[in-house]
Amino acid sequence: MAGGTPSRERQRPDWMIRIGRMVAKELRQLLRDPKTARVIFVAPIIQVIMLGYAVNTDVREVPLMVVDHDRTAVSRELVEVLTASGYFEHVATAEREGDVLAALDRGTAEVGLIIPPRFSADMSGGRAPAVQLLLDGTNSNTATVAQGYAGQIITRWGTGVALHARGAGGTAEAAGVDLRVRAAFNPGLESQVYNVPGVIATIVLMMALLLTAIGIAKEKELGTLDQLMVSPLTPDQFMLGKTIPVVLIAMVQMATITAIALFWFRIPFAGSAGLLLLGAALFIIA
């Protein structure tokens with residue numbers, strides 16, 4: 001090295017010096033190319049934002065058609081409870097069940113609610129009235145989620161009405177079994193809370209593989225791979241020199257897109273940041 005080797009570098013083992021210089025070369029080679037720099041820093045941000053919105057299985061404002069044979073305040077209250085949740089939008093009222101089936105076929109409605117006669121009388125009399133829910137199964141995910149939402153809303157509303165009808169002293173036995181399910185993780189069951197962290201892991205995995213491939217391809221393209229193979233570098237040192245820069249860059253990418261998840265998508269963070277970094281480092285290295 002011209003001008004002499006710094007004393008601190010002379011104290012290091014030869015293998016550490018070789019790996020350090022290889023890492024410095026790789027970082028300069030990856031970051032000085034504007035196209036590669038955009039792939040490293042811009043592409044992950046665009047991907048996490050696009051996929052965070054695209055991979056969304058939440059169901060909102062599902063078109064609902066109602067056939068109300070009871071026509072009482074109680075039956076209207078049931079429809080209002082469904083639409084007030086935000087999951088369903090009351091788009092039409094029909095007189096016959098056949099109209100609901102036709103609307104489902106045309107796609108003007110995705111859910112049909114049929115309320116039978118004497119619905120209110122059965123509720124006040126302590127009997128368990130049955131309502132019919134018809135769903136368009138063309139989109140199985142929407143149908144399944146909408147069915148779950150409707151079932152929970154109707155069950156919760158029916159239990160409250162039954163308790164109110166029996167007075168404040170009503171027993172749980174008289175009102176039936178009140179089953180309440182609470183999700184310990186993501187209690188709102190928002191799809192972004194599930195999907196965005198998975199998108200982060202996928203992007204980091206893809207970028208780590210891509211950057212490693214770019215590093216090898218550039219050596220081949222520039223004709224410097226043969227020079228490296230005849231240099232004092234051992235295969236292990238060559239591999240570490242190619243891997244360590246990618247690990248460092250991937251950790252920066254991971255921190256950047258995690259910040260986007262926290263501040264842009266408002267993904268809640270509960271846990272240890274240090275443990276997250278350790279797990280991310282092991283994942284990237286692997």
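Colleague: What share of the 286 residues of the chain counts as buried?

Modeller: Buried residues make up 34% of the 286 in the chain. The word means under 20% relative accessible area, while exposed means over 50% and partly exposed lies in between (1.4 Å probe, protein chains only). This is a predicted model, where local features need pLDDT of at least 70, side-chain atom pairs count only at pLDDT 80 or more, and totals for chains, interfaces and linings use all residues. Residues are numbered from 1 along each chain as its sequence is written, and side-chain values use heavy atoms, with hydrogens and water left out.

Colleague: How many helices and strands does the secondary structure come to?

Modeller: There are 13 helices and four strands. Both are DSSP runs numbered from the N terminus, helices being H or I with at least four residues and strands E with at least two.

Colleague: What makes the four strands one sheet, and in which order do they stand?

Modeller: The order is S2-S1-S3-S4, in an open sheet with mixed pairing. Strands S2 (88-94) and S4 (132-135) each have a single partner strand, so they stand at the edges, with one side of each lacking a neighbour in the sheet. On average, neighbouring strands are turned by 25° against each other, direction ignored.

Colleague: How do you know which strands pair, and in what sense do S1 and S2 do so?

Modeller: Two strands pair if DSSP finds at least two bridges between them. Strand S1 (residues 62-68) and S2 share six bridges in the parallel sense, and five bridges join S1 and S3, also parallel. S3 and S4 have four bridges and run antiparallel. Set against the cut-off of at least two, these counts qualify as pairing.

Colleague: Which residues stand opposite leucine 64?

Modeller: Leucine 64 faces histidine 90 in S2 and valine 111 in S3. Across the antiparallel pair, isoleucine 114 of S3 is opposite glutamine 132 in S4.

Colleague: Why is S3 described as mostly covered?

Modeller: Five of the five residues of S3 are buried. Val111, Leu113 and Ile115 point one way from the strand, Gly112 and Ile114 the other. Helix H5 (residues 73-84) lies across S1, S2 and S3 (111-115), at about 160° to S3. The angle is taken between N-to-C directions on a scale from 0 to 180 degrees, with axes fitted to C-alpha atoms, for helices over the stretch in contact.

Colleague: Why does glutamate 26 count as buried or exposed?

Modeller: Glutamate 26, in helix H2 (residues 14-31), has 2% relative accessibility and therefore counts as buried. Beyond residues up to four places away in sequence, glutamate 26 touches Gly215, Glu219, Gly241, Lys242 and Pro245. Contact here means heavy atoms within 4.5 Å.

Colleague: What makes the pair of glutamate 26 and lysine 242 a salt bridge?

Modeller: Their side chains meet at 2.7 Å, N to O. The pair links H2 to helix H12 (residues 235-263), with the two positions 216 residues apart along the chain. A salt bridge needs a side-chain nitrogen of Lys or Arg within 4 Å of a carboxyl oxygen of Asp or Glu, so the pair qualifies. Lysine 242 is also buried, because its relative accessible area is 6%.

Colleague: How many salt bridges does the structure hold?

Modeller: It holds four. One of them joins glutamate 95 and arginine 71 at 2.6 Å, N to O. Glutamate 95 is in the loop between S2 and helix H6 (97-106), and arginine 71 in the loop between S1 and H5. Aspartate 99 and arginine 96 form another, with 2.9 Å between the closest N and O atoms. Aspartate 99, at 24%, is partly exposed, whereas arginine 96, at 54%, is exposed. Shared partners join Lys25, Glu26 and Lys242 into one network of salt bridges.

Colleague: What makes the group around methionine 50 a nonpolar patch?

Modeller: Leu31, Phe41, Val42, Ile46, Met50 and Val252 form this surface patch of about 530 Å². Patch residues have over 30% relative accessible area and no salt bridge; nonpolar side chains (Val, Leu, Ile, Met, Phe, Trp, Tyr) are joined within 5 Å, like charges within 9 Å. Methionine 50, in helix H4 (residues 43-54), is exposed because its relative accessibility is 56%.

Conventions. Areas by Shrake-Rupley, 256 points an atom, 1.4 Å probe, with all protein chains shown as cover.
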